Amino acid sequence: MTAPSDEVAAKEGVARTPAPARVGRSAIVRGDRGRRLAILAAVIAALLIPIFARGFLTFQLTQVMVYALAILGLNLLTGFNGQFSLGHSAFYGIGAYTTAIMMSRWDIPYFWTLPAAGGVCFAVGFLFGLPALRLQGLYLALATFALAIAMPQILKFQPLESFTGGVQGLVIDKPDPPFGLPIDADQWLYYFTLAVLLVMFAGAANLVRSRTGRAIMAIRDNPIAAAAMGINTALYKTLTFGVSALYTGVAGALGAIVVQFVAPDSFNFLLSISFLVGLVIGGVGSIPGCLVGGLFVLFVPNIAESVSTGLAGVIYGVILLLVIFVMPAGTAGFARILFARLLRSPKPEGRSR
Amino acid sequence: MELLLQQVLAGLATGGIYACMALAVVMIYQAIDHLNFAQGEMAMFSTFIAWQLIQWGLPYWVAFAITVVVSFVAGILIDRVLFRPIQNAPILSQVVAFIALFSILNSSAGQIWDFTIKSFPTPFGHTSLFGSTLIDTHEAGMIGVTLGMLGLLYLFFRRTRLGLAMRAAAANPESARLVGIRVGWMTALGWGMAAAIGAVAGMLIAPVVFLEPNMMLGVLLYGFAGAVLGGMTSPGGAVAGGFAVGVIENVAGTFIPYFGRELKLTIALILIVAVLMVRPSGIFGRQAVTRV
């Protein structure tokens with residue numbers, strides 16, 4: 001084959017990818033295999049990190065995973081269903097408090113509190129999704145925002161103090177590694193969080209690819225057309241709200257176990273803003289992007305702080321601005337453009353394989 | 001009954017603050033079609049500039065005028081430098097850029113003028129009005145200025161060619177461009193005006209809440225709530241919404257027994273959401289009609 005015709009073929013290949021017909025199939029399989037390899041490599045790397053890293057880094061990476069999970073929850077709602085939320089700090093807080101109350105008041109083992117936290121948050125999210133059905137855009141933002149503002153006040157509310165511990169919050173014990181494993185508590189929490197993360201990410205990936213997931217995305221792209229095709233928009237929107245809250249709630253539960261402490265003011269709306277920043281930096285509508293978002297949310301403020309304490313906010317803002325300027329569609333969007341460029345560039349030796 | 005009247009009066013006084021901010025929020029919404037999270041911090045920064053000028057010995061009204069002009073220019077600059085390059089980026093990315101701007105302004109104000117609370121002068125004085133301690137001359141003056149700005153804006157948008165051009169640019173950018181309106185500059189003008197209104201709001205609010213880098217956070221939230229309640233497409237509605245938020249907050253805090261005082265903010269927000277259930281585009285807002 002000569003170079004020019006090869007180029008044409010490459011272009012055609014690119015043009016045909018949207019329609020996964022006969023021609024595109026092998027490429028899709030190859031892409032799938034590449035993706036699986038990448039995931040496998042990432043999981044192995046994640047398993048090895050606590051063995052080599054310092055204790056504090058392990059602790060920080062556990063928090064990154066917690067944030068990534070919370071951001072994934074927001075992503076399911078905003079990225080895949082097109083509903084905006086500033087209220088996810090509230091779901092995170094409800095999840096955290098469910099775990100903290102169960103562990104410190106009723107002595108229930110930590111792993112049983114996760115499904116409970118998820119269930120409670122699913123119910124709250126589903127119920128909140130009902131009024132949210134009527135609202136869009138900024139108006140929905142305000143309604144969810146009200147939830148975020150209300151949550152710390154409700155947690156501080158005097159009559160509930162016997163449960164929530166009021167302003168002081170609740171302290172919980174760090175779980176010990178089971179089966180006499182030769183690792184310390186931080187390392188065990190890391191692996192525990194990693195396991196939960198993998199299960200929940202896989203769940204989200206499957207959900208998004210399923211018939212339900214396509215319905216959820218159809219509602220985002222064109223609600224009227226989706227309704228005309230027989231999708232029960234109201235049901236799917238409220239369900240998505242519930243599932244989104246469930247994810248963020250489980251993240252909150254894990255966060256409480258990791259930090260061993262919950263207090264009302266750590267679940268204020270600034271936490272929601274952090275989730276939003278992580279979502280956009282990682283990539284709206286991208287599942288692996290949530291991990292990048294988690295990394296950004298945890299590490300960049302620390303980096304800014306270490307450069308200059310007084311001007312930390314300025315440095316953080318400038319970094320954020322630069323990232324948005326360079327990657328307006330987040331890391332995932334940037335990676336997509338990069339791959340598209342790489343595939344389009346004529347590479348005869350790569351093609352002849 | 002008298003208690004109710006007093007609480008309504010006190011509510012109007014705080015509502016004046018929210019109304020002021022709501023007006024700035026709606027102004028920028030008209031220009032760029034969504035919310036500017038850094039609006040409050042821009043106003044705070046402007047107020048610090050005014051404070052600095054007064055510290056240097058300038059009379060109040062001179063400092064006031066200079067601040068408004070500087071803010072106007074700064075608003076245009078922010079549009080050109082910051083907003084222009086990401087104009088076509090996804091809306092959420094723009095929101096994050098505003099969060100970045102928020103962080104930059106807040107932190108640098110803290111660095112330049114530190115975080116101690118400063119008092120800010122008022123031209124209206126602080127004597128009480130109507131023989132009650134619930135509203136004073138400054139708060140009455142603030143309400144007056146807010147209503148005056150609203151009137152000026154109404155005249156500007158309804159009676160001047162420039163106002164008409166700005167409305168056209170916001171309503172239908174493509175058609176506006178075809179009839180020769182420079183849409184980009186109209187957006188910049190919207191930024192400038194929003195920044196100037198925000199500066200006025202900041203200078204009026206500062207004597208009440210005291211001047212410090214975090215002073216606008218709460219106010220912006222209430223202003224936002226007021227603007228949404230009134231309807232983002234209607235400046236008059238936004239001002240009415242701002243007053244309504246103040247009154248609801250005060251009255252709910254006084255009259256709902258048991259948990260009214262502790263949860264008054266929550267109650268106010270729940271009431272607002274309840275209103276939005278019935279009127280999803282705000283009380284005075286127009287329902288956006290889109291072509292399918």
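This is a short walk through a predicted model, one selection at a time.

**Stop 1: chain A as a whole**

Select chain A and show it as a cartoon. You should find 16 helices and 2 strands. Now colour the chain by burial: of its 353 residues, 46% count as buried. The contacts also say something about how the chain is put together. Among those between residues at least 6 apart in sequence, 77% join residues at least 24 apart.

**Stop 2: where chain A touches chain B**

Next, bring chain B into view. Here 34 residues of chain A are in contact with 36 residues of chain B. To see the chain A side, select residues 137-156 (α6), 269-282 (α12) and 312-326 (α14), since each of these helices supplies at least two residues to it. Which helix of chain A gives the most to this side? Highlight α14(A), which contributes 10 residues. Then colour the chain A side by residue class: 28 residues are nonpolar, 5 are polar and 1 is charged.

**Stop 3: two crossing helices in chain A**

Hide chain B for a moment and select residues 211-221 of chain A, which form α9, together with α11(A). The two axes come within 10 Å and cross at roughly 105°. An angle of 65 to 115 degrees counts as roughly perpendicular, so α9(A) is roughly perpendicular to α11(A).

Now show the side chains where they meet. From α9(A), pick A:Ala215, A:Ile216 and A:Ile219. From α11(A), pick A:Thr233, A:Tyr236, A:Lys237 and A:Thr240. Sorted by class, this contact has 4 nonpolar, 2 polar and 1 charged residues.

**Stop 4: the loop after α11 in chain A**

Stay with chain A and follow α11 (233-259) to its end. In the loop between α11 and β2 (261-262) you will meet A:Gln260. Check its backbone: phi is positive, at about 65°, although the residue is not a glycine. Is A:Gln260 buried or partly exposed? It counts as partly exposed, because it has 16 C-beta neighbours inside 10 Å.

**Stop 5: a loop in chain B**

Finally, bring chain B back and select B:Asp114. You will find this residue in the loop between α4 (91-113) and β1 (128-129) of chain B. B:Asp114 also has a positive phi, near 50°, and is a residue other than glycine. Is B:Asp114 buried or exposed? With 11 other C-beta atoms within 10 Å, B:Asp114 is exposed.

Methods:
Residues are numbered from 1 along each chain as its sequence is written. Chains are lettered from A and ligands numbered from 1 in the order in which they are written. This is a predicted model: local features need pLDDT of at least 70, side-chain atom pairs count only at pLDDT 80 or more; totals for chains, interfaces and linings use all residues. Two residues are in contact if their C-beta atoms, placed from the backbone, lie within 7 Å. Helices (H or I, at least four residues) and strands (E, at least two) are DSSP runs, numbered from the N terminus. Ala, Val, Leu, Ile, Met, Phe, Trp, Tyr, Cys and Pro count as nonpolar, Asp, Glu, Lys and Arg as charged, and the others, Gly among them, as polar. A residue is buried if 20 or more other C-beta atoms lie within 10 Å of its own, exposed if 12 or fewer, and partly exposed in between; C-beta atoms are placed from the backbone. Axes are lines fitted to C-alpha atoms, for helices over the stretch in contact, and angles run from 0 to 180 degrees between N-to-C directions. Angles under 35 degrees count as roughly parallel, over 145 as roughly antiparallel, 65 to 115 as roughly perpendicular and the rest as oblique.
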